Amino acid sequence: MSLRLRHAGLNAILGMALVGALLLTIGIGLCWMPYDPLAIDLAHPLGPPAWSHWFGTDEFGRDVLSRSMLGARISVLIALATVSVAIALGTTLGLLAGYLRGWTDRLLMMVTDAVLAFPGILLALALIAVLGSSNGSIILALATAYTPSVVRVVRGTVLSIREREFIEASRSAGDSALATIVRHILPNILPPVVVLATSLFGWAMLSESALSFLGVGVPPPAPTWGNMLSASRPYMDVAGWLSIVPGLCIAGTLLGINLLGDALRDWLDPRRQS
Amino acid sequence: MIASVPAPLLRFDGVRIETSGRSGSAPQTLLEGLSFEIGAGEFVAVVGESGSGKTLAARAILSLLPSGVRQSAGRIELEGRDLTQLGTLELRKVRGAQIGMVFQEPMVSLNPAITIERQLAEGMRLHRQLSGDEIRQRSVAMLERVRIADPACCLKSYPHEFSGGMRQRIMLASVLLLQPKLLIADEPTTALDTLSQREVLELMVELARDNGTAVLLITHDLGLVARYTERAIVLEKGRLMESGPTGQILSNPRNPYTRRLVESLPRGRADLAAVPITAPTVLEVRKVCIEYPGRLGLFRPGIPKRVVHGVDLEVRAGEIVAVVGASGSGKSTLGRAVLGLKPLAAGTVRFNGVDLSRMSAAQRRQFRRSAQLVFQDPYSSLDPRLRVRDIVAATLRHADDLHATEKRARVQAILEEVGLASFADRFPHQMSGGQRQRVAIARAVVSRPRLVVADEPVSALDVTIQQQVLALLQKLQSQYGFACLFITHDLAVVRQIAARVIVMSGGVVVEEGLVSSVFRNPGNKYTRELLEATPALHVAAPPR
Amino acid sequence: MLGYIFKRLLLTLPTLLLVSVAVFLIIRLIPGDPALVLLGEGADAASLAGVRADLGLDRPLPVQFVSWLEHALKGDLGHSIVSGEPVSGLILQHFGLTAAVVLAAVTLATLIGATAGLAAAWRRNSAIDLAVVGAATVVLAVPSFWLGLLLLLLFGLKLGWLPFVGYVPFSESATQAFAFLVLPIVTLTITESGVLTRMMRASSLDVLELDYVTHARAKGLSERTVLTRHVFPNAFAPTLTLVGLTLGHLLGGIAVIETVFTLPGLGRLMVDSVLSRDYPVVQGCLLFTAVVYVVVNLLVDLCYPIFDPRVTAR
């Protein structure tokens, strides 16, 4: 195998390992966790990592490992919901804009550009300010921030596919517009959309943890890695692990998702097909 | 005293090029033991199809092989000096000043971010000691020589402001300003239309002769070889097949591959009589005008641009009518309009006597089955996600009068006829360009159409493959008797395949008639120029 | 060229309009009496009545929007519920710091990213390439706030090299102010250079394959000239777009860095006002940031022709 191919394969393996570890943790966490993540134990606050508590305990004596496991589940669910909404909505709008063109396209693009004019986090902050801080509002806020990116990517891909001659062939064989879209365009936009979905998933997790870190995300006592990091700040000099562990979880998960996304993109690369 | 034989200008001696085979995989040989010579001022062609190694041989001269490919054996000598042994600094002195190179794709041959002036001056600044004014003067003089209007304005402009033909001429100017001893031209005109092609090559030959520059022309086009070169070497799959004086190679090829190449040149056929007037008219086009909507401005609708202007034509059952023109002549647009794929701004199109715009839904469906299109680009006309079998079957999707088993049988039958029976389950990316075009033809013919519009179906193919596909099309046409509108820019292909021809330029028909009479006695100036500029027409046929 | 500039300017106007409509509507989405929302619970009847008249709440929504826009264009964005200060004043006070950090970080990140990306592409599949790609991939996965915390932990707490909490304005002491900004700027530079490196590497790889690069080499130019004069401008153009997007997204993302390092910047202002339901400030920050983002992208677009003259032809 060439160096390049070996490297790409390594990416995929590492990515799968990391993501696999995440999924495993969540899976295990659904049935069993070492301690109750919400159980306060004021007798043992800020305990360093030890056999009894692998990741130590936080300022309320809660087990950091258990909280991390629950946090994983919450973050992943929120990210999954966000990505689903953004992809579903974005793909539909992108298809309409790209295939119909004309005024539909212009209107959609103007709205998309307007939403994109807000930095994602700020838009989410503003929406949360209006809707209140809950899981549902986070999902809605983040989905609103990400849908325009999906619309753009889908529209761009549709525009380039539209010009390809097999689309003309489909129309000249007598297919209606809807049939052409479903039969020929949709399957061909799947690869970029799948790659985008993996990127979005990573961004969504990152954004959710950032919002939680800022205090406007998932409200306590529910743990997510972001708010655990935020809570660790006053105790940094005595309990450094509280600042390290949640961040490591975030970074590890994101690394896994990015690597998988890269491997996926390479695998689906149309250049392989020529 | 024995006069010493002067060393040839360029000498290849046993050159082998292979992939570097890094990390495990065995190196693949791309060019095997190539040896030949070029004398000073000689014009030599390196002929071959894709995969022959001709481009690699050219790049090896200046050590410009792509990454992953290296020269593993042999010498390349310039006036006795082995170029492969030169250090970087020495090599850089040779590049540009002694040997110049011109490339194929005009769209990416010039740096889009820098003005023409800077690009022309670059070489001179490096290799010659000239003042800024002198550089500018020479640049302007050379641009005039390559017939660029308003050279001073050109200098200040960027490459994207020029057409493909002009960019090639600018690149020629840039390279020849340094007066190299050898000019390597790698398919310099393949991406240009026939008339531009002629302009660029004539210029190249002229300038080379003036400077005493030798030319190494890399090409697949035997017509160009015949017209512009003195000697030729023929490569196939990395091996030297034959070499010698051009005239001799073309009229008396000794090597079987060379013979195949020469025979693949499209030639006229005596048996292409026109179809009798009594045959039913399948397609009738009257005073058709087609417009492109202008670009929408911010507050106003765009001004439409007329691309086809008052065109009349007829195609009868069983005949092949060719539509010839350069790119931008409107021929492709016309082809699509004839199938109802582009709206008409004026005029009528009648299929089997029925006006397209007045067809009922049922008639339309029937029309869609009876009139088919074969596209130019074998790489984008097939859905990459479907198997061959499904691609061909798609045409029959709306055929309600056929049973599912009948449809499957038909698909299988047509695949056999085009010689792709075993490819039914493959995907497009697993097939070559020629095979894909055969799939496209199968797709068009499977519904037993009355009319097939073929839009440049063989332009993107190697010359031997071209012959195969053309022969296939002719065979199917005589077997099923469909009318065919054959759109192309290549007059040599027209001569081989069509009985009648229509010449278009700038959206209007400038000439039409029987191929034999138009070719022998062109009435229109544009037609005459086109005939002159098509080199393949003038290659003498070898004795069979 | 002038036409290009003019067209770009013209195209931003509808966007800015839509942005202001969106900002206006977001706050109106809050259920309840807008006057109460704007003034807070403790306001007295007189001021409430005053605000109601000011906003023209009895008039139709579009009219309210126009009057709000009028005020905004004059620089009047209302007053903070919490502190009573004018919103525009607050924003301008806090923006200077944010702008300094963001601009410094993006400039450094672009320099690093462009150089590393080009070098990696030039020596594709070599050790340098793998190292650069590896580093960029890891950096992409690290959240900026975590990196900030770690750097703070290491250089601030454990090693005590740099101060880390709070801020001293430039007007008091330039060196001290600078010292407080080093860690935040370094954090952001690291995090943002990842994506810029990857983009530059990808577009450099594409450009290196093109004929005009081989043509430049065939002229006898040195590899260095080929890279700087022929490869770099063409490869940098897509990265430039990304720089614009990065600047924009940092205007929001800076909030986490300002939180970690306790810097009184615009991001922190926005977050605090969200937490304290200080709606006029939220609205003002949102509008201001969006406008800045649009203007920044416009400037980036205007710089684009330097690297790719083809865009002016459209």
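Tutor: In what follows, two strands count as paired when DSSP finds at least two bridges between them. The model under discussion is predicted.

Student: In which order do the six strands of the open sheet in chain B lie?

Tutor: The sheet is open, and its pairing is mixed. From one strand to the next the twist averages 15°. The order of the six strands in chain B is β16-β17-β18-β13-β19-β20.

Student: Which are the edge strands of that sheet?

Tutor: An edge strand is recognised here by pairing on one side only. Two strands of chain B meet that condition, namely β16 (371–374) and β20 (508–514).

Student: How many bridges join β16(B) to β17(B)?

Tutor: Strand β17 covers residues 451–455 of chain B, and β16(B) and β17(B) run parallel. Across this pair B:A371 stands opposite B:L451. The number of bridges joining β16(B) to β17(B) is four.

Student: What angle does the direction of helix α11 of chain B make with that of β18(B)?

Tutor: Helix α11, residues 331–338 of chain B, packs on the six-stranded sheet. There α11 touches β13 (320–324), β17, β18 (483–488) and β19 (500–505) of chain B. Relative to β18(B), the direction of α11 makes an angle of about 155°.

Student: Which residue of β14(B) is the bridge partner of B:V285?

Tutor: Strands β11 (residues 281–292) and β14 (residues 346–351) of chain B pair in the antiparallel sense, with five bridges. In β14(B), the partner of B:V285 is B:V349.

Student: Which residue in the turn between β14(B) and β15(B) has a positive phi?

Tutor: Strand β14(B) also pairs with β15 (residues 354–355) of chain B, in the antiparallel sense over two bridges. Within this pairing B:F351 stands opposite B:V354. The two strands form a hairpin with two residues between them, and the turn residue with a positive phi, about 55°, is B:N352.

Student: How far apart are the centres of domain 1 and domain 2 of chain B?

Tutor: Chain B is divided into domain 1, residues 10–263, and domain 2, residues 281–539. Taken over C-alpha atoms, the distance that separates their centres is 35 Å.

Student: Which helix gives the most to the side of domain 1 of chain B that touches domain 2 of chain B?

Tutor: The contact takes 16 residues from domain 1 of chain B and 14 residues from domain 2 of chain B. On the domain 1 side, α7 (194–211), α8 (222–228) and α10 (256–263) of chain B each supply at least two residues. By class, that side has six nonpolar, five polar and five charged residues. With five residues, the helix that gives the most is α8(B).

Student: Why is chain B described as being as compact as a globular protein of its length?

Tutor: The secondary structure of chain B comes to 19 helices and 20 strands. For 544 residues the globule rule gives 24 Å, and chain B is as compact as a globular protein of that length because its radius of gyration is close to that value, at 26 Å.

Student: What percentage of the contacts in chain B with a separation of 6 or more is due to residues 24 or more positions apart?

Tutor: The C-alpha trace of chain B spans about 85 × 55 × 50 Å along its principal axes. Of its 544 residues, 46% are buried. Residues 24 or more positions apart account for a percentage of those contacts equal to 70%.

Student: What percentage of the residues of chain A counts as buried?

Tutor: Chain A has nine helices and zero strands. Along the principal axes, its C-alpha atoms fill a box of roughly 75 × 55 × 30 Å. Chain A has 274 residues, and the percentage that counts as buried is 51%.

Student: How many charged residues does the side of chain C that touches chain A have?

Tutor: In this interface 39 residues of chain C are in contact with 37 residues of chain A. Among the helices of chain C that each supply at least two residues are α1 (2–28) and α12 (279–307), while α10(C) gives the most, with eight residues. By class, this side of chain C has 30 nonpolar and nine polar residues, and the number of charged residues is zero.

Student: Which helix supplies the largest share of the side of chain B that touches chain C?

Tutor: Here 24 residues of chain B are in contact with 21 residues of chain C. The chain B side has twelve nonpolar, seven polar and five charged residues. Both α2 (88–94) and α3 (116–127) of chain B supply at least two residues. The largest share, four residues, comes from α3(B).

Technical notes: Residues numbered from 1 in each chain as written. Chains lettered and ligands numbered in written order. Predicted model: local features only at pLDDT ≥ 70, side-chain atom pairs only at ≥ 80, totals over all residues. Contact = placed C-beta atoms within 7 Å. Nonpolar A, V, L, I, M, F, W, Y, C, P; charged D, E, K, R; others polar. Domains from an automatic or database assignment. Axes fitted to C-alpha atoms, helices over the stretch in contact; angles between N-to-C directions. Buried ≥ 20, exposed ≤ 12 C-beta atoms within 10 Å, placed from the backbone. Rg over C-alpha atoms; globule rule 2.2 N^0.38 Å.
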